[in-house]
Amino acid sequence: TLLGTVLFLLVLYLHSSGSNSEEQGKEPPGPRPLPLLGNMLQLDLKKPYHTLCELSKKYGSIFTVHFGPKKVVVLAGYKTVKQALVNQAEDFGDRDITPVFYEFSQGHGILFANGDSWKEMRRFALTNLRDFGMGKKGSEEKILEEIHYLIEVLEKHEGKAFDTTQPVIYAVSNIISAIVYGSRFEYTDPLFTGMADRANESMYLTGTASAQMYNMFPWLGPWVNNLTRLKKNIADMKMDVTELVRGLKETLNPQMCRGFVDSFLVRKQTLEESGNMDSLYHDDNLVISVTNLFGAGTDTTGTTLRWGLLLMAKYPHIQDQVQEEISRVIGSRQPLVEDRKNLPYTDAVIHETQRLANIVPMAIPHTTSRDVTFQGYFIKKGTSVIPLLTSVLQDDSEWESPHTFTPSHFLDEHGGFVKRDAFMAFSAGHRVCLGEGLARMELFLFFTSLLQRFRFSPPPGVTEDDLDLTPSVGFTLNPSPHQLCAVSRL
Ligand code: HEM
């Protein structure tokens, strides 16, 4: 039976690899896959983005690799990624809903969804981020309020070494809470800490080698390390959101929406009252969109901010210049969004932090929405596509010093801030990060406010050189475990 199965798989494999007929054009090149295993022996599943960058040196800016039996087209370098995601946005704009992503969403929500439902949920979330977060004074005020709580927590450490993870994650999580639920939580509230910790852990588990194995061989499910834990986390997150939504439903006032959830419930009610019983505004889309906003908006922003603080401790002369600029331009009053244009060096440091930290190295996988011809190659509808953002943010034809922390990448010869097209930390095109505006505002306000108040340095006995920039790889690239001192500058 075993021999029969192997032969069957081999025939299937040979058939599928030969199914690309001549008239359709040739597939992007790539290393020859082994049956079933694909190119797994060449891919370091603990750091796949790294291997893919290496492979692009050999196969060019578009190539095919096989993650086990799954064929994936990789796009590398600024020009190619831009051409696909921006110039052929429709062709490359669908999401690849892998088995792990399916666990999160069952196809609902924003992050791991496609088609009309995705389009409507994305549009609705964007409008609400504008109404309850962006635009007006909305989110600036929410962020400024949260900064005071974060500063209080850091002050309690009295300059002694501490791990920045929890305070930063809780603070950024509260910004999403304020936008989604209409209010922040106390940092000691067990419901809140439970939700934030679970979301953070789930992000990590989603990016592990075991999760990749599950994506390649879903039938391995029961034996995949940590899958049960991830499933439990997801179920608990959904239960918490459902409970919070229930509470908001009871106190809903359609004339005074407090946040995203209220606004969704009102829309749902209005559609139901007008007899539309099968609209897209159903409970699954609500709960999963909320978990998506927390999942995509918390770990990303928090991790970037933590990279920023770590880089300041590692490069004190750069921290000096940031603090000199803040003192000169703002003094001791609260930094505001409108100050950004007068703080070009600080702005450059934040952009350079995002570029070097490269926290979403492979974006989130896309698929082709139709058969596509791209740079002379044929890519079949439904093929998984990885826009390799690392290869854009570290493209050596775009950046003078791609692998070092060089804020001057974003400065002109007069010290003015320069926008760079190859800065694609938020990706581009149809699936560009939905929270980009909010994230930029948060990063600027949190970073300048913290740097204004504190001097960040390594713990006693640790030198700047000792601070390790090797990332800990999950779904996002996090700083490896470390502690910092935040010494009050007042
Ligand atoms: C998608 C980066 C903050 C919500 C993405 C993607 C990237 C990204 C690379 C994938 C784009 C693609 O598929 O090509 C970042 C970074 C952030 C950040 C670096 C912070 C520094 C946020 C925040 C929110 C958010 C604050 C929520 C308010 C989303 C959502 C998607 C997304 C919902 C999915 C969009 C879709 O599939 O249509 N983000 N993000 N992100 N982000 Fe962000």
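Good morning, colleagues. I begin with two helices: helix 14, residues 316-329, packs against helix 17 at an angle of about 95°, and their axes are 9 Å apart. That angle makes helix 14 roughly perpendicular to helix 17. On the side of helix 14, the contact is made by Val322, Gln323 and Ile326, while helix 17 contributes Thr448, Leu451 and Gln452. By residue type, this contact divides into 3 nonpolar and 3 polar residues, with no charged ones. Please bear in mind that the model before you is predicted.

Helix 17, which spans 436-453, also brings us to the ligand, since it supplies at least two residues of the surrounding shell. Helix 5 (115-132), helix 12 (283-297) and helix 13 (299-314) each do likewise. Which helix gives the most to this shell? That is helix 12, with 4 residues. Of the 26 residues around the ligand, those that come nearest are Ala296, Gly297, Ser427, Cys433 and Gly435. The shell comprises 16 nonpolar, 7 polar and 3 charged residues.

I turn finally to the strands. Strand 1, residues 62-67, has 6 of its 6 residues buried, and it is therefore largely enclosed by the rest of the structure. In a regular strand, side chains alternate between the two faces of the sheet. In strand 1, Ile62, Thr64 and His66 are buried on one side, and Phe63, Val65 and Phe67 are buried on the other. Strand 1 pairs with strand 2, residues 70-75, in the antiparallel sense over 6 bridges; one of the bridge partnerships joins Phe67 to Lys70. The two strands form a hairpin with 2 residues between them, and Gly68 in the turn has a positive phi of about 60°. Thank you.

How values were computed. Residues are numbered from 1 along each chain as its sequence is written. This is a predicted model: local features need pLDDT of at least 70, side-chain atom pairs count only at pLDDT 80 or more; totals for chains, interfaces and linings use all residues. A residue is near a molecule or strand if its C-beta atom, placed from the backbone, lies within 6 Å of it. Ala, Val, Leu, Ile, Met, Phe, Trp, Tyr, Cys and Pro count as nonpolar, Asp, Glu, Lys and Arg as charged, and the others, Gly among them, as polar. A residue is buried if 20 or more other C-beta atoms lie within 10 Å of its own, exposed if 12 or fewer, and partly exposed in between; C-beta atoms are placed from the backbone. Two strands pair if DSSP finds at least two bridges between them. Axes are lines fitted to C-alpha atoms, for helices over the stretch in contact, and angles run from 0 to 180 degrees between N-to-C directions. Angles under 35 degrees count as roughly parallel, over 145 as roughly antiparallel, 65 to 115 as roughly perpendicular and the rest as oblique. Two residues are in contact if their C-beta atoms, placed from the backbone, lie within 7 Å.
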